[in-house]
Structure formats: structure tokens, C-alpha cells
Amino acid sequence: MEEVKSTGSETRGRRPLAIIFLFGFAYAAFYCLWYAGTPMGAHPVLDGKENLQLAWGIADGILANEPFYRAPVYPLAISLGMGLGLPEFLWPDFARLINLVAWLTSLWLVSRLAMELWCNERAALLATGVWALYPVGLFFLGDPLDITLSIALLLGGLDRATAFLRTASPQSALATGFLLALAALTRPQMWSVALAIPIILAVLAISFHRQGDVDIIQPGEKPLKPPPRWPVVLTLVGLALPSMMMGAFNKKVSGEFVIMPTQGPFNLWAANKPGAHGKYFAQEIEVYQNDEHENPARVESIYHYRKDRGADASMDWNELNDYWRQRTREMIIADPVGFLGRLARKGYYLLNNYEQYNNKTYFVHKALSPQLRFNFLGWGLLLTTTAPLLIWGRKNPLLLMLILGTAVAYAAGLILTYVSARFRLPLAPMLAVIVGGWATLPWRELGRKRLVGGGGLMLLVGVLSFSSLFAVREPKTEIQDYLLLGYAALEAGQDHDAIQWAERAITEDYSRLAARELRVVAQYNLSLAQLIEKGSRPSGLELEAQLNAAQQLSNYSPRVNYITGVYEWWHGDSDAARQRWLMLVNQPNSVAQSSLTGLIMTGPLTTEASAALARIPETVRQNTLEVALAHAQKKPLNDAGYEILKQLEAVYAAP
């Protein structure tokens, strides 16, 4: 009878948790579905686009013969869907599915950790609910980014470390290291945690032996027995296994056994150099993005390296990274006080409520989302409500020390690099686990000293978190978001929206060439649509204005340079147009193909243009180029080909 009662009570206790899981899933799923329907959701940008490119390189076996510049575990997971034949337009959705599964896994792990820490179902419910509703975590679900997967792996490692504290199981120690290594190989910032947790476990195991039995559960329960110390070594074995696999993967790809991504040395320099704020990577040079996204940090590291060492300097990645390590050492030795001051400011930024820019400005996009717009949860509230529980909550001090040690180790790694919103996010679920303790506080037993101490700590953390010192909200980054939203709208064919975002960016800073390029390209697309639908080209003052705007940017943007040629053709300057297109036939793929199409439709190909055409594999030729070539060679076309030909003839007809 007793067993039946226990089972029924346990089942009833699980129902609220199941409801929270379902609510968390629904909330996250609704956000992902909404985001998938936006231009940025359908056409990822920056790191998201780079992850998809790397995933396709893995799936198709077309990786560069060099060690991975960025961590490949998450792209490897995406490549599994690509390998199954998913069409390209579903790649972002498959990445979101991976993120959603990782998110749900993290919810489950938060509930387990909170239950272990507080030994109370209400605490597990509160912690899980806080993490399920945390808007910054949801914000990063929509893009092909590795942060959510790395959080799930980190929490999995913490969960197994907790099991080791309870049972001293060798299997738990091995699993702890294995999961932490996977987390670190997914996001390199996790290495500080992966290396710290074995040390923390060893210290706690030694503490066990010195103190004997320690009652860290609830009164009346059996105290933990001192675990043997030797299983801690198995965490190192667990760490080594995925690391060796990554080294072997790099060996196969590049011929070199390398575990870490090669981007670290430059980022360490860029995050801490004199004048750097260290909130996020701040570009010093504007990088023009072609068909394939190029990592701006990589481009900039090479630019400065060649500027210092000469254009013919060796591009071996070992020499490049040695150069940046040397620059970092010299910088620290030359001004250690300045270096420590920059680290201290980053410590303040880490504690502050403001979500620093990382590819996107959180507060800009939160305002655009109907799911996140009115969500009041944030970092400052989470951190402030965590603080007093460090004094008031004493259910499981060893696990609390493990969680705090993990958080401190991760925070230390962030302060050495960047403290942006995405980089900081893994700390949030650990704080949520602690916040669950509010549901268990024995208010009458706390005593005046503990109440005052906890309240004072809460006030101090609140002041640090919600203050605005050291230009914490500067520089303004909204213009970056306007550009990203505009280019995504351009990719989605929403040219009116693209122009609106371009105008907002230009209002912020007219000197931003990318904003003016966006406006020119979107306006050209609208002119093409008008030409195809109504048969009318821009003329007179309208054409003059569009030609003038394009000519100002022709040296900056190959795409605008091609468009300038079209405007010149419409203006009657056929020689200038063809000469301009001829100069572009060796440019990035899409510009070269558009230029070749223009040359074919307006006259015979030169020897140089014919050679450029021959270099483009037939498998990657655009439909417009194939149709133009077939028309020039008087080959028959199908119905779709004739429709494309009509459009080409409208564009390239003599004025």
C-alpha cells in the first residue's frame, strides 16, 4: 500500500513539471515558427550563414585543406540533415529543430539540477519555468547558432558531475568529461569549464575525505559517504576521447592534428588590445561580403598581419597565430595595469543587465517579436534574485559550490575574450537552477543577520546590474541590425522593406557604404520588376538619379558595378556598359555570371569573357546564363526557358 501511495504522489508531482515542459515547448515552438517566416529566419546572416556554409562543406566533402577556423561540431550536426538530401531552403529549419531539441533537453536538465540542489519539487518547477521563459535563450533559438546545443551539453556534464558527487560512479565521471568536452568542442569558451570541473570535483572529493560523512541532503536522509578519489581521473579520460576525435577529424581534413579552432589567438588580442571595449568583436575595416560569407575576424586578422609583415608574408596558420600570440604578450608586458583595467571593465559589463551586441542587438529584435516583446525577464533580474540565495539557501552546499565554481570558471573565460549576450547566455540556466531556491526558503528560520546579509548582497548586485557606468550601452549598434534586416529582406525578395531598412541605416550614418549599396540594389530590383510587369524602364531624371547613386558605389561593390552597367545600357552608353561588365567576369560567382549574361545578350563575347565562361562549371551556372547561352547558340528552350528569355530581352533590349 505504501508503495502505491508513493507512486501516486510521485506521479502527481510530475504533472506540474510536465505542464511547464509543454508550455516551454509551445512558447519556443511558436517563436521559432514566427521567426522562420521572417526574412532573417529564412535567410540567415553572419555566423548563422557561416555555420550553414561549413555544414555544407562537411556534407559535400569540399572543406578547405586547413584546420577548422571555427568549431565544427554544430555544423557537423546540421550536415547530417543535408546528407539526407534536405533541400537548401529547409537547412535553417533543420538547424532550428536541432536548437529546439537542445532547448527542451536543457529544460529537463535544469529541473534535475534544481531538484538535486534544493531537494524540492517546487524549486524544480520554479527553476524550469524561469529558464523556459527566459527571452534571451529563446532569442538565439531561431538562428543556426551553436549556443543552445553547447548549453545542453554543459548542463549534461553538470548533471553527471552531480551524480558523481552522490555516487562516486566511474561511469558518471567518464560521462562528465565526455559531455564537457563536447560542449567545449561546440563552443571553445566552454574549455574553461571543461578543465575546471575535474579540479572542482577533486577538491570536493578531498574535502569529503577530510570531513567524513557530510549531511547535505534533508534532515533524516542518509548522509553521503566519502567517495574514492580515483574516479575523478576518469573525467580527464572523458575529456580526452572527444578531443582526440576532433584532432583526428582535423588531421583528415588538413593533415594536422589540431583540437582547438584556429581563431583563438587573434580574438584574444582583439578583445584586450588597447582601446578595445571587449564587449564584442568590433571591426576596424569594412568587409564586403560576396556570395560566400567570410568571417570578418579572419579577414581582419589577415589584413593587419599583412599590413605589419608585408603582402608577401607567409599565410601558414601557425605563423599567423604565433604572430597574434606575440602581439598579445607584448601588449600585456608593456601595460599590465591597462590590461587589468580592461578586464575589470569587462567584468562589470558581464554583470550588467544590458545585452551586448553579438551579430544582432537583442533589444532591437526583441521589440520586433510578438513572442518576446512583453517578456520582462532579463539578465539583471535573474542575477539579482540569485544573489541572496548564496546566503539564504543551504540545502546542498557541495552542489552549490560545483555550480558556482562552474559559473566562475566560465565567467573568467568570457572576461578574457568577449562578454556579449550570446557568450554570456550559458550562465543563465545555472542561475535559474539557483533561483529555484526561492520556492523553498524557510523565512522564519533565516535570522536577522542572514536576512540583512542576503538583502545587502541583492542590493549591491542590483546596483551593478542596472547601472550605466563605463559606457556600457555604447557604441550604438542598431545600424548593424537595420543592415542585416535589410539584406535579409533583399534575399527574400521584399525590396520595399529592404529600402526602408536601408533608409533607417543611412539616417543613422550616411557614410556606411553597405547601407547605400542596399538601397541601390533594392531600387534596381524594383525597377526590374516594373520592367518585367509593365514593360517600362526608368528614364529621364529617375534614371539619372539611379545611375548617379550606383556610380558612387561602383568601386566598392561588384554587384553595384554590374547594376551601373545596366543603367548605362539603358541610358544608351552601350560601350561603357559592356566594358564595365567585361571587367567583372572574374569577380565572385554571381556577379561574374550576371556580367557574362549581359555580354552575351548585347553582343559577341570577347576572348577574355569566353575564357571566364569556360571556368564556370555547368553545374553551378545560373538559369539566366544558361538561357542566354542557349539563345546565342540558337538551341531550343523549354517553356520556362522562354519565360526567362523574355525577361532577359526586356532588360537588355537596345534603348
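In the protein chain, confidence is lowest in helix H1 (residues 2–36), with a mean of 77, and highest in H21, at 97. The score behind these values is pLDDT, the predictor's confidence in each residue, from 0 to 100. This is a predicted model, in which local features need pLDDT of at least 70 and side-chain atom pairs count only at pLDDT 80 or more, while totals for chains, interfaces and linings use all residues. Residues are numbered from 1 along each chain as its sequence is written, and side-chain values use heavy atoms, with hydrogens and water left out.

Let us stay with confidence for a moment. The protein chain averages a pLDDT of 89, and 94% of the residues score at least 70. Residues 1–9 stay under 50, and for them the model has zero contacts beyond four places in sequence; contact here means heavy atoms within 4.5 Å. Over residues 210–225 the pLDDT is below 50 too, yet this stretch has 24 contacts in the model beyond near neighbours in sequence. Where pLDDT is low, the predicted coordinates should not be read in detail.

Now go to helix H21, residues 427–435. Helices here are DSSP runs of H or I with at least four residues, numbered from the N terminus. Nine of the nine residues of H21 are buried, so this helix is largely enclosed by the rest of the structure. Buried means under 20% relative accessible area, exposed means over 50%, and partly exposed lies in between, using a 1.4 Å probe and protein chains only. The buried residues of H21 include Leu427, Pro429 and Met430.

Leu427 is also a good stepping stone to Leu414, because these two residues are in contact. Leu414 lies in helix H19 (residues 397–416) and counts as buried, at 0% relative accessibility. Leaving aside neighbours within four places in sequence, the contacts of Leu414 also include Gln189, Leu350 and Phe423. The C-alpha atoms of Leu414 and Met190 are separated by 9.3 Å, although the two residues are 224 residues apart along the chain.

How do helices such as H19 sit against their partners? Two packed helices are described by the angle between their axes and the distance between the axes. The axes are lines fitted to C-alpha atoms, for helices over the stretch in contact, and the angles run from 0 to 180 degrees between N-to-C directions. Angles under 35 degrees count as roughly parallel, over 145 as roughly antiparallel, 65 to 115 as roughly perpendicular, and the rest as oblique.

Helix H15 (residues 336–351) packs with H19 at an angle of about 125°, with the axes 9 Å apart, and the two are therefore oblique to each other. Their crossing is right-handed; a crossing is right-handed if the near helix is turned clockwise from the far one by less than a right angle, and left-handed if anticlockwise. Phe339, Leu343, Lys346, Gly347 and Leu350 of H15 make the contact with Ala411, Leu414, Ile415 and Leu416 of H19.

Helices H17 (residues 379–386) and H22 (residues 447–466) pack at about 160°, with their axes 8 Å apart. That makes H17 roughly antiparallel to H22. Among the residues in this contact are Trp379 and Leu383 of H17, along with Met458 and Phe466 of H22.

A third pair is H13 (residues 296–309) and H14 (residues 317–334), whose axes come within 11 Å and cross at roughly 80°. H13 and H14 are therefore roughly perpendicular to each other. Among the residues that meet are Tyr305 and Arg309 in H13, with Glu319 and Trp324 in H14.

Finally, look at the loops. Pro274 has its place in the loop between helix H12 (264–272) and H13, and is exposed, with a relative accessible area of 56%. In the loop between H22 and helix H23 (478–491) you will find Pro475; the peptide bond leading to Pro475 from Glu474 is cis, with omega near -5°.

Cys119 is in the loop between helix H5 (91–118) and helix H6 (121–133). Cys119 has a positive phi of about 50° although it is not a glycine, and counts as buried at 15% relative accessibility. Ala168, in the loop between helix H8 (147–167) and helix H9 (170–186), has a positive phi near 55° and is likewise a residue other than glycine. At 10% relative accessibility, Ala168 counts as buried.
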